[in-house]
Amino acid sequence: MGEKNKTKKQLAEELAAAHLKIAALEAHIEEIKKHPMFPSLTEQEGLLKTIFENLPLDIFARDKSQKLLLQSRTSVSSQPIGSLIEESTIDEEIRRDWLEINQSVLAGELVEIERAYQIEGKLRHFHVTVAPLYIDGKIEGVVGANIDITERKQLEERLTLGSQIIKKTNKQLKQRVHELSTLNLIAQTVSNATDLQSALEAIAEEIVPLFNAFSTGISLFNADRTTRTIVVLHQPSSPDEYKLVGKTFPIPRDEIYNKLIKQGQAVIVQKAQTNPLTLTNREIIKARNIQELLLVPLKAHGQIIGSINISTNDPLRNFSMQEVQLGETIAGHIAGTIALFQSLEQERRQRQIATSLLEVATTLNRSLDLHTVFSKIFEQLDQVIEHNGGGIFLSDKTNLVLIQGLGPAAAAHIGEKISLSSQNPTARAFNNKTMLVINDGATERYWLQWPEGDRLQSWIGVPLMVDQEAIGILTIDNFAANAYNQDDAKIMQLFGNQAALAIYNARLFEAVQQSEARYRIISEVLSNIAYVLRVDDKGTFTRVWATEETAQQLTGFTLAEIDARGGWLSIIREEDLPKALKHDDLLRNGQSSSVEYRIITKDGKERWILDVSRPIWDENKERVLFIYGGRRDISEHRRLEKHLLQTQKIEAIGQLTSGIAHHFNNMFTAMTGYLALSLEQLPPEHAILSDLERVQRITQRAAALVQQLLTFSKENVGRHTKQVNLNELLLHAKSLLEQLIDQTIQLEINLAPNLWLVSLDTNQFEQVLIHLVVNARDAMPQGGTLLFETDNIELTRNETEKSLDLQSGPYVKLTLRDNGVGMDAKTLSRIFEPFFTTKEVGQGIGLGLYTSLGIVKQHQGQLKIDSELDKGTTVTIFLPRYGEPATQFRKDRNLELPQGTETILLVEDNGVVRDLTARILRQQGYTIIEADNGKTALELLDTQPDLIINLLLSDVILPKMRGDTLAMTLKERYPDLEILFISGYDESIIEPSSADRHNFNFLAKPFTPNTLIRKVHAILK
């Protein structure tokens, strides 16, 4: 029933009841106040109220009508949210949000949410908790708390942002590390590359995965940047599908290449298949399904020389600016690489040009025959400029006549003419007296076409000038366009000058032959310095004319400086002055003369001069009026002559020592053989056994010394190598080395454990040790310490490149140190020269270190010497490691020698060696047929046609017929015949023809009986 329907009576009753309840409540309150606890409760209420009002929280309570029932004091930093909905200025959105929250709570829900509001222009975050307010079990309102979490939210946002930044930074760092790793790999690839093409291919291969690209290409532009040539194209998915490498394309004049070439900037071409700027290359782009292109210019010395083309076939892939920057970095590497290799190629070409010009100049100095000189010019042009032909034309006043052709096609047209009145480039260049370069044959209308119909595209013509007049022209041509540049033009000019000089010299020579004698003399003495001297009636020489520029180049002095010093004689070495003065006297007396002497140049260097002079008489031949002469630098000639003489001496000594060694080896073969047989027949306790064994060892040492003679005479080092533990070799040689030094010298050996094996010819290497010990002994006349040390060492590439001519890798190092007198730098620089020695005459021949170095190098090792005056000398030998670390080997002296039953033909001209060899083999059961030369051996076999021979054992050098010739003859008769050559020389003595046609075995003299028996058994087995 509504309020309006209630009766007055009912209202009065309800009011009375309410008054009764109030009165009862007031009475109850008064009863409470009278309670002893009431003052305490009042105080607590006040305390709680104080705490509540000062909490740093927005605590509130509202009734159902949203009327605020309770509100805590606001914190210093915020205004209570709970009261905001009462504000008339509150944002309508916040008001609606809170009304929705209150409705949900009044419906019985507990709401706990976070909200952000713009309050007074600032964004604030709150954590809101609102719960129903129950009174007598009914929801009469809401109660809630707001916590200002703005600072926390700001911190969370900063943490989230920081985490994102860290993740992004880590990703960028990883990418940067990958990029730097690739750039480092590119740099290493460039440093290890031996040619430009392989370097560029390696770089392109690294770019593809770095950019996650479809393909990478490198193009180089021509000089005027009108065409580009693809030099590298790397496409992993289909490397052989498109054969574009080496192809040349025109460069379009569009925005892409304008930005790339003129502005030098990288270009990203998006939607490459439909981009109007890619029309020129559209067919290739579509065929390869390229979607986007990154073009980066290659800059070298301020010029754009090419570009990197990086492409993707992924339509969603886009190149970033970071990738553009990376591409520019890589482009710098590539441009630097190209510039480096081009510089090296330019340097190589310059050296080749200098060599070629020197060849031509040398021919020009030696010959006046035009055909010879022109042939040399063409021969050297082949070395420095690519071409398809060319020629030399000479003028006959009306035409240019081809007198010599470059290449077979041009040579076929010798004698053909080009009219000087024509517009042919050859005639134009000749008439204008100016070099002409053509690189686009399509625009040239006046080519001289050969009957073969070849169309020239590139051409250079150099007029041949003599005394400001053109006498002919040198041309070179090519079927390719843009084949020649300014460098080629300069080279052609140099060769043209040589050709003109050749013609001039030839014509001058012809004129001189038909003119006076003085012109003939000028031609004869053409040299570095040409001069004319006037001779007065007192016989004094006065210079009339001389080639001053070349004189200064040769001597360092100007002619004025030479005159100020007292004339030409003032720079001649004092020891050679008598020869020069005698030369002048001969000229005064009217005799032609030539003399060789030394001069001292301005920088203190010494040069050998050949001075050739001829006197010119007056018409009546009464006295000498002039001296025509020339001086030529022959220093290099003298050096080569000295070197040749020294080489001839070494060869002569080598031939002598080789013959001596051969005879000694025959003697030692007999000595060691008979000693071995004698030792076998003596019981172990025999009194002279030890003496004979000592003789045997001495004989073996002597035989090893003889091997040194063969080493010097022939390069046979390494022919008899075996695996050796250098420690054992040193211990074995110690007693011998101790015999070479004085008692005042202490020999110490410090050996490394587990030393690696090396491959050595032990006889030869013992000679190295002997040489080094003898040198050390002579360096310590007052005594001292001589130390041998061994060690294993890994040589790095840096170490080998800096100071050793070796490959990097594992080596065994042998070091020999003495504390003797040492050497100064000048002596140290010459120690490896043959015949150089610091000893007195008769004390040494200066071959020890020269031979030692040769032995070590032929074992693929190196010998290094460091020395300082009064501090001693250190010799270091590096030998390459062979196999695994050496283990101790043991000799089994009791092995039984093998027996045999085969038939052996023994051919040896030395009777003692032949008898010994036959005796040794017969004792082992072999049948031996002996002969002292090849012819005798064949005659013996002819008398026994049914005899079967199993082995030919023959010396190589025999009278009447060589052993290898005998072997070739017997092989035809006995195809299965085995061959064993023995010789006091090394096996290189065998003729190559027989060595190529037949397999053979070789045993060097001297040999022991056991060695011979085992060798024969191994062959026949």
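These are my notebook entries on a predicted model of one protein chain.

**Entry 1. The chain as a whole**

I began with the totals. The protein chain holds 28 helices and 34 strands. Of its 1021 residues, 43% are buried. I then looked up how the contacts are spread along the sequence. Among contacts with a separation of 6 or more, 59% join residues 24 or more positions apart. For the surface, I noted an exposed area of about 57000 Å², of which carbon and sulfur atoms supply 51%.

**Entry 2. Strand β12 and its two partners**

I turned next to strand β12, which spans residues 389-395. Six of its seven residues are buried, and the strand is thus recorded as mostly covered. I checked both sides of the strand for pairing. On strand β17 (residues 469-478), I found six bridges to β12, with the two strands running antiparallel. Strand β13 (residues 399-406) is likewise joined to β12 by six bridges and also runs antiparallel to β12.

I followed single residues across these pairings. Gly 390 stands opposite Ile 476 in β17, and its bridge partner in β13 is Leu 406. For Phe 393, the bridge partner in β13 is Leu 402.

I also inspected the connection from β12 to β13. The two strands form a hairpin with three residues between them. Lys 397, in the turn, has a positive phi of about 80°.

**Entry 3. The sheet around β12**

Where does β12 stand in the order of the open sheet? I read the order of the six strands as β14-β13-β12-β17-β16-β15, with antiparallel pairing. The edge strands are β14 (417-419) and β15 (436-438), each of which pairs on one side only. From one strand to the next, the twist averages 25°.

I then looked up which helices meet the sheet. Helix α9 lies across β12, β13 and β17, and runs at about 65° to β13. Helix α11 (residues 425-432) packs on the sheet and touches β12, β13, β14, β15, β16 (458-466) and β17. The direction of α11 makes about 145° with that of β17.

**Entry 4. Gln 380 in helix α9**

I stayed with α9, residues 370-384, to look at Gln 380 within it. Is Gln 380 buried or exposed? I had it down as buried because its relative accessibility is 5%, where the cut-off for buried is under 20%.

I listed its surroundings next. Leaving aside residues up to four places away in sequence, Gln 380 touches Gln 352, Ser 356, Glu 359, Val 360 and Phe 495. The side chain of Gln 380 also makes a polar contact of 3.2 Å with the side chain of Glu 379.

**Entry 5. Helix α25**

My last look was at helix α25, residues 934-943. Which residues of α25 are buried? I found Gly 934, Ala 937, Leu 938 and Leu 941. Viewed down the axis of α25, these buried residues fall within an arc of 95°, so they line one face of the helix. I set this beside the general rule: an α-helix has 3.6 residues a turn, so residues three or four places apart point the same way.

I then asked what covers the buried residues of α25. The cover includes β30 (903-907), β31 (927-931) and α26 (963-973). At the start of α25, I noted that a side-chain oxygen of Asn 933 reaches to within 3.0 Å of the backbone nitrogen of Lys 935.

Methods. Residues numbered from 1 in each chain as written. Predicted model: local features only at pLDDT ≥ 70, side-chain atom pairs only at ≥ 80, totals over all residues. Heavy atoms only, no water. Helix = DSSP H or I, 4+ residues; strand = E, 2+ residues; numbered from the N terminus. Buried < 20%, exposed > 50% of the residue type's maximum accessible area, 1.4 Å probe, protein only. Polar contact = N/O pair within 3.5 Å; in protein donor to acceptor, adjacent residues only side chain to side chain. Contact = heavy atoms within 4.5 Å. Pairing = 2+ DSSP bridges. Axes fitted to C-alpha atoms, helices over the stretch in contact; angles between N-to-C directions. Areas by Shrake-Rupley, 256 points an atom, 1.4 Å probe, with all protein chains shown as cover. Arc of directions from axis to C-beta.
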